[in-house]
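User: I have a chain open here and would like to talk through its charged residues and its surface. Can we go step by step?

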Amino acid sequence: GPYHGNDIVAAFPFAFKVFSAADVVVIETDPNGIETTKTLTTDYTVTLNLNQDVSPGGTVTAVTAPATNFKWTITSDIAALQSIDLTNLGGFYPAVINGGFDKLTILVQQLLNKAARAIKIPISDNSGEITIPTSTIRANRFLAFDGAGNPIAATGLSSTPVSAYMTPVVA
């Protein structure tokens, strides 16, 4: 995906490995860009391909086809839990070890996907962690930075330095 709704199509294939239907997450985006996480069995079902190692993925089927101008994004949300218990003198099962490494790889991919969408600070910036103002302070304001480079919740041009060139654009 993302898959664009048309009030008709309800089945959407995906091609990434998961371990159970509960690992599949569907995010619906409305025409205003608001995202809602859909609920498994209430809003959609998942049919997995039988052998996820040979043919990863499956099909998400909407209970009701997504409406026109809505889109569905299918992703994974595998819990970051260690589920392999290795014991001394126990049997060595390569499939168990491979499954564990597959899970770690998927978790890294999920993390990289989120990191790629995050606001980043250059590695050369030694200011350390930046904290965004709380929601009560951010309400009806926009994110800006003060003269020291710290994030602030600004309300207009008077509280944010803008060049003379950009003033008409911002206004």
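Analyst: Let me start with a term: a polar contact is a pair of N or O atoms within 3.5 Å, where within protein one must be able to donate a hydrogen and the other to accept it. Please keep in mind that this is a predicted model. With that cut-off in hand, the side chain of Asp 23 reaches the backbone nitrogen of Phe 19 at 2.9 Å.

User: Where does Asp 23 sit in the chain?

Analyst: Asp 23 is placed in the loop between strand 2 (11–14) and strand 3 (24–29). Leaving aside residues up to four places away in sequence, Asp 23 touches Val 18, Thr 75, Ser 76, Asp 77 and Ile 78.

User: And which side chain of opposite charge is nearest to Asp 23?

Analyst: That is Lys 103, which is 7.4 Å away, and Asp 23, although buried, has no salt bridge.

User: OK, how many salt bridges are there by this rule?

Analyst: The count comes to three salt bridges. In one of them Lys 17 pairs with Asp 53, the closest N and O atoms being 2.5 Å apart. Lys 17 lies in the loop between strand 2 and strand 3 and Asp 53 in the loop between strand 5 (44–48) and strand 6 (58–62), so this pair ties together parts that are 36 residues apart in sequence.

User: Is Lys 17 buried or exposed? And Asp 53, buried or exposed?

Analyst: Lys 17 is buried, with a relative accessible area of 17%, whereas Asp 53 is exposed at 57%.

User: What else does Lys 17 meet in a salt bridge?

Analyst: The side chain of Lys 17 also meets that of Asp 102, at 2.4 Å from N to O. This pair links distant parts of the chain, since Lys 17 is in the loop between strand 2 and strand 3 while Asp 102 is in helix 1, 85 residues apart. Lys 17, Asp 53 and Asp 102 are thus linked in a network of salt bridges.

User: What about Lys 38?

Analyst: The side chains of Lys 38 and Glu 28 meet in a salt bridge, at 3.5 Å from N to O. Lys 38 is in the loop between strand 4 (35–37) and strand 5, and Glu 28 is in strand 3, ten residues apart. Both Lys 38 and Glu 28 are buried.

User: Changing topic, which residues form the nonpolar patch on the surface?

Analyst: The patch is formed by Ile 119, Ile 132, Leu 143 and Phe 145, with about 410 Å² of accessible area together. Ile 132 is found in the loop between helix 1 (94–116) and helix 2 (135–138), and Ile 132 is partly exposed, with a relative accessible area of 40%.

Technical notes
Residues numbered from 1 in each chain as written. Predicted model: local features only at pLDDT ≥ 70, side-chain atom pairs only at ≥ 80, totals over all residues. Heavy atoms only, no water. Helix = DSSP H or I, 4+ residues; strand = E, 2+ residues; numbered from the N terminus. Buried < 20%, exposed > 50% of the residue type's maximum accessible area, 1.4 Å probe, protein only. Lys, Arg positive; Asp, Glu negative; His and termini not counted. Salt bridge = Lys/Arg side-chain N within 4 Å of Asp/Glu carboxyl O. Contact = heavy atoms within 4.5 Å. Patch = residues over 30% accessible without salt bridge, like charges linked within 9 Å, V, L, I, M, F, W, Y side chains within 5 Å. Areas by Shrake-Rupley, 256 points an atom, 1.4 Å probe, with all protein chains shown as cover.
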